[in-house]
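User: Please take a close look at one part of this model, the segment after the last-named helix, and set it against the rest of the fold. Keep it brisk.

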Amino acid sequence: MSHQQTARTGEVYPFSGGEFVLYKTDRLERLYIELTNRCNFSCRMCFRNNFSGAFGTMPDRVIDALLEQIAVLPRLKSALVGGIGEPLMHSRFREVITALKRRGAIVDVQTNGVLLDDDLIDFLLQQDVDRIITSYECAAVGHVQATGLKRTIARIAELRQKRRGGWSRANHPRITLEWILTADTLDRLESEAREMVALGVNEFILSNLLPMEESMAADSLIMSQSTGRADRVAWQNQGDILEPFIDALRYRAKVQRPEFHLRTERWCSFIERNAMVIRHDGEVTPCYRLLHDSREFYQGRWRDVLAHSFGNIADGSALEIWNSRDYLRFRHQVRNKLYPSCPDCELRDGCDYIQDSSADCYANSPSCGDCLWDRRILICP
Ligand code: SF4
Ligand code: SF4
Ligand code: SF4
């Protein structure tokens, strides 16, 4: 399907006594591919702890459909293979990476690193993947194998340097650490960061701890009355928290840092980057937040998050799903911020909508009103 063909057709929606048209587009540019939501770790901070559906691994029927879609998507620019689960456990992982690279996509692999032996690292280098993203937390709620991960990072750095034969592309693939910030580990950030850069890490993606249990809330740095953080003056400014960390890294690694409290601006990286998330069973969701039935603890209360699918790639093409009436409208609403702001709404304490993510007072369904990703409080690669 050419760009011209898709641009000519659109969907008409009623709006404010009139109507508006959203044109179909082939601008689906990024895929997030969840090969499995199973994992060989069981970290306390993991979103998987609050998933309520069945765990699964992408079956052959869906993998075949995925490979077909990768081959034909006209504007595919990049993909992340990973998500909330360990992709290296999938028997067809290499096939997916090879197909993406054959298409010339920028490829990120997100892994806990424990299965990254020399053979697999060599494969990733041969395929010329662009980022190896692994999570690291020195906190008690984080990953349990910090020493093993440091060895793995050092080995990736060593093998990539050998393979590149010098410094010309020595930092390719980039080694990226996702790091969940907690109150418990703030004082170790600087020393850990220096060590990680010395091992070969090129980039840090810092994010906040979304409590999986109520007892974790005190360790989260997200500002809210219920955690008492709002009163801690030293933490009112994110620069204060992260300054030693940023200083330790200056000019030697890229850092993406989160917000710690609500800001007016909202920006959903999934929607803005024209991304689609494909779940292990082939269901298409707009983002990680709406990928699985789950629940979130924020501002002292639990909220159910309901998975929302716009279709399944085993039943229809990714582009057809992308251009379906509901998905077009959803992206329009999020991109143009046509949804309420629940975390700072004065009606929040009495509002039934925020029991779950199914709807809101603007008649949106699903609702993004209570999302912490679009506030950049939580950050994904
Ligand atoms: S390694 Fe990642 S996906 Fe696996 S349990 Fe830990 S946080 Fe979850
Ligand atoms: S859905 Fe409820 S909490 Fe959210 S903005 Fe509307 S009234 Fe406020
Ligand atoms: S705003 Fe939040 S819930 Fe809505 S699509 Fe983006 S990440 Fe998902």
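Analyst: What follows starts with that segment and then moves out to the ligands, the sheet and the core. The model is predicted.

The segment in question comes after helix H10, residues 325-335. Lys 337 belongs to it. Phi of Lys 337 is near 55°, which is positive although the residue is not glycine. Most residues other than glycine have a negative phi, and most peptide bonds are trans. Lys 337 is partly exposed, because 14 other C-beta atoms lie within 10 Å; the buried class needs 20 or more.

Ala 363 lies in the segment after H10 as well. Its phi is also positive, near 65°. Ala 363 counts as exposed, because it has 7 C-beta neighbours inside 10 Å; the limit for that class is 12 or fewer.

Pro 366 is in the segment after H10 too. The peptide bond that leads into it from Ser 365 is cis, with omega near 0°.

Now the ligands. Ligand 2 is surrounded by residues that include Pro 340, Leu 347, Arg 348, Tyr 353, Ile 354, Asp 360 and Gly 369. Cys 342, Cys 345, Cys 351 and Cys 361 also belong to that shell. By class, the shell holds eight nonpolar residues, one polar and two charged. Gly counts among the polar residues.

Ligand 3 has Cys 368, Cys 371, Trp 373 and Asp 374 among the residues around it. Its shell also includes Cys 268, Phe 270, Ile 271, Pro 286, Cys 287, Arg 289, Leu 290 and Val 334. Ten residues of this shell are nonpolar, two are charged and none is polar.

Ligand 1 has a shell of twelve residues. The closest are Cys 39, Phe 41, Cys 43, Cys 46 and Asn 112. Here the classes are five nonpolar, five polar and two charged.

Next, the sheet. Nine strands make up an open sheet with mixed pairing. The order is E9-E8-E7-E6-E5-E4-E3-E10-E11. Strand E9 (254-256) and strand E11 (284-285) are the edges; each has a single partner strand, so one side of each has no neighbour in the sheet. At the E9 edge, strand E8 (residues 203-208) runs parallel to E9, and three bridges join them. One bridge pairs Glu 203 with Lys 254 in E9.

Helix H6 spans residues 189-199. Leu 189, Ala 193 and Met 196 are its buried residues to note. They cover an arc of only 65° around the axis, so they sit on the same side of H6. The general rule explains the spacing: an α-helix has 3.6 residues a turn, so residues three or four places apart point the same way. Just after H6, Gly 200 has a positive phi of about 130°.

A cis bond is found elsewhere as well. His 172 and Pro 173 are joined by a cis peptide bond, with omega about 0°. Pro 173 sits in the loop between helix H5 (146-164) and strand E7 (174-181).

Last, the core. The largest nonpolar core has 88 residues. Ile 33, Leu 66, Val 81, Met 276 and Ile 278 have the most contacts inside it. Leaving out residues up to four places away in sequence, Leu 66 touches Ile 33, Val 96, Ile 278 and Ile 313.

How values were computed: Residues numbered from 1 in each chain as written. Chains lettered and ligands numbered in written order. Predicted model: local features only at pLDDT ≥ 70, side-chain atom pairs only at ≥ 80, totals over all residues. Near = placed C-beta within 6 Å. Pairing = 2+ DSSP bridges. Helix = DSSP H or I, 4+ residues; strand = E, 2+ residues; numbered from the N terminus. Arc of directions from axis to C-beta. Core = buried A, V, L, I, M, F, W, Y, C linked by C-beta atoms within 7 Å. Contact = placed C-beta atoms within 7 Å.
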